[in-house]
Structures are given as C-alpha cells and as structure tokens.
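Work through the following exercises with the model open beside you, and try each task before reading its solution.

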Amino acid sequence: MTKTIFQSALFLHVIAGTLALASGLVAMSYGKKGGKVHNFSGQVFYWAMFFVFITTILFFVIYPEKLKYQFFLTIGIVSFYPAWSGKRMLSMKKGFVPTWYDKFGGFLIGVSGLVMITYGVYGFLNPDKFGGLQYLFLVFGMVSLMNSYGDLKYYLNFQTAPKMHWFFAHGGKMMGAYSAAITAFCVNIVPRYLPENFPTYGYLITWIAPGLIIGVIANIILKRYKLKFKIAE
C-alpha cells in the first residue's frame, strides 16, 4: 500500500512539475503583465507549485528516515515559499499591509534555512552519509535565510517598503520559484545522461546553475521595469 501511494504521488508530482514549467514560461514570456494570459498562466503555475510542495510533504511522511526526502521537504519549502509570498504581494498592491500569516511565512522559511544549514554542517562532519548533499543544504539554507530577511525587514517595519515594492517583489519571487522548478527538472533529468563516475561537483552544478541563470535574467528584466517606471536604484 505504501509503495502504491508513493508511486501515485510521484506520478502526480511529475505532472505538476511539468505543468509548472510550461505555465511559468507562458506567464513570463507571453501576454501583457496583468493581462488575461499572464494572470491565468500565473494561477496555473502557483497551484502546480502548491501541488509539488504537497507531494514533497507526502514523500517525507512516507519515508521520514531517508535523508533524500528530508532534503526534498526543505527544498519543497524553499521552492514554494517565493510562489506563495509572490502571490501575496499582489494583495498589497493598494497598500503594503502584511498579515500575521505573511510574517509567519517569513519566519518559517527562516527556520527552514537554519535547519538546512545545521544539516549541512552535520553533513560535513559525516560526509559519507551525505554524499555531497551537505553543500546543497548549506546553499539552499542560505537562500532560505535571505528570503526570510528580505521579507521580514519590511513586514516588521525595520525598513520602509520602496515604491512599487509589490510589483518587483512579485516578479522577483515568481521567477525565483520558476528557477526552483527548472532546478528540479535538471536534477532529475541531466544525471541520467552523464557518464559513470562523473565527479560530484558536476551534479552540484545541476542544482546551482539554473538558479544563477534565472537570477541574472530576472535582474535584467526587473531593471528594465525600473527604468520604465523611472524608479531609482
């Protein structure tokens, strides 16, 4: 029964991930921002990412003792959080007023980041058990902390949200969530075509490179919008 549930969840996980890749690309590339195509594809992307997140939780519930699914759970959190908080930014279009659950989400991603960094440090002390995952725990743990700080500094009034913060936060976060979807695809597909005894750092590249590339693209796009809206850096 457990195996059947896992295989069914994995099948749905793959479908949701594929749908997220397709709809996210449409949302970023086609249609006017805020238009019908963009809004519809964005909604599809959000709910596809939500389902991916739910299935990663299910994987962990089924196999909580396996490091692989402990890692997937934390990756699920760091992947879904920008999609969720990016969607939340749209509700702050008329006024930046975060709710208690916005703040809670910011704290949660921060706690997740600390857990991942702790796992990473433990992994360096026990490298044979982690097989290179310790590097990824550290990298994505720091990404999680950056997400937490980036939101909480505004949510807790440590800094005042700049002009049109909702627009740029929404765009940046959604592209961040998309980079997570691309990363998951690369990690699952690319290693199948690599030669045996391929060095560990090669696998790490499939985890890190997509985020870096999408990050550069996102920065270029958002800078163009800042020029369009005449917003100073």
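**Exercise 1. In which helix is Ser 41 found, and is Ser 41 buried or exposed?**

Solution. The model is a predicted one, and the first step is to place the residue: Ser 41 belongs to helix α2, which covers residues 36-62. The second step is to read its relative accessibility, which is 5%; because buried means under 20%, Ser 41 counts as buried. The third step is to ask what surrounds the residue, and once neighbours within four places in sequence are left aside, Ser 41 is in contact with Ser 23, Val 26 and Ala 27.

**Exercise 2. Describe the fold of the protein in terms of its elements and its overall dimensions.**

Solution. Begin with the elements: the protein has eight helices and zero strands, so that from the N terminus on the order reads α-α-α-α-α-α-α-α. Next, compare the radius of gyration, 18 Å, with the 17 Å that the globule rule gives for 233 residues; the two are close, and the protein is therefore as compact as a globular protein of that length. Along the principal axes, the C-alpha trace spans about 50 × 35 × 35 Å. Finally, turn to the contacts with a separation of 6 or more, of which 71% are accounted for by residues 24 or more positions apart.

**Exercise 3. Which parts of the chain does the pair of Phe 96 and Tyr 155 tie together?**

Solution. Start from the geometry, since a pair of aromatic rings is described by the distance of the centres and the angle of the planes. The structure holds 25 aromatic pairs, and in the one formed by Phe 96 and Tyr 155 the centres are 6.0 Å apart with 25° between the planes, which is a stacked arrangement. Phe 96 lies in the loop between α3 (67-90) and α4 (100-125), whereas Tyr 155 lies in helix α6 (residues 133-155), so the pair ties together parts that are 59 residues apart in sequence. As a last step, consider the exposure of each partner: Phe 96 is partly exposed, at a relative accessible area of 27%, while Tyr 155 is buried, at 3%.

**Exercise 4. Characterise the surface and the charges of the protein.**

Solution. Take the burial of the chain as the starting point: buried residues make up 42% of the 233 residues. The protein exposes about 13700 Å², and carbon and sulfur atoms supply 69% of that area. For the charges, count 21 positive and 6 negative ones, and then compare their mean positions, which are 17 Å apart.

Technical notes
Residues are numbered from 1 along each chain as its sequence is written. This is a predicted model: local features need pLDDT of at least 70, side-chain atom pairs count only at pLDDT 80 or more; totals for chains, interfaces and linings use all residues. Side-chain values use heavy atoms; hydrogens and water are left out. Helices (H or I, at least four residues) and strands (E, at least two) are DSSP runs, numbered from the N terminus. The radius of gyration is taken over C-alpha atoms; the globule rule is 2.2 Å times the number of residues to the power 0.38. Buried means under 20% relative accessible area, exposed over 50%, partly exposed in between (1.4 Å probe, protein chains only). Contact means heavy atoms within 4.5 Å. Accessible areas come from the Shrake-Rupley method with a 1.4 Å probe; for residues, only the protein chains shown count as cover. Lys and Arg count as positive and Asp and Glu as negative; His and the chain ends are not counted. The place of a charge is taken as NZ of Lys, CZ of Arg, CG of Asp or CD of Glu. Rings of Phe, Tyr and Trp (its six-membered ring) pair if their centres lie within 6.5 Å; planes under 30 degrees apart count as stacked, over 60 as edge-to-face and the rest as tilted.
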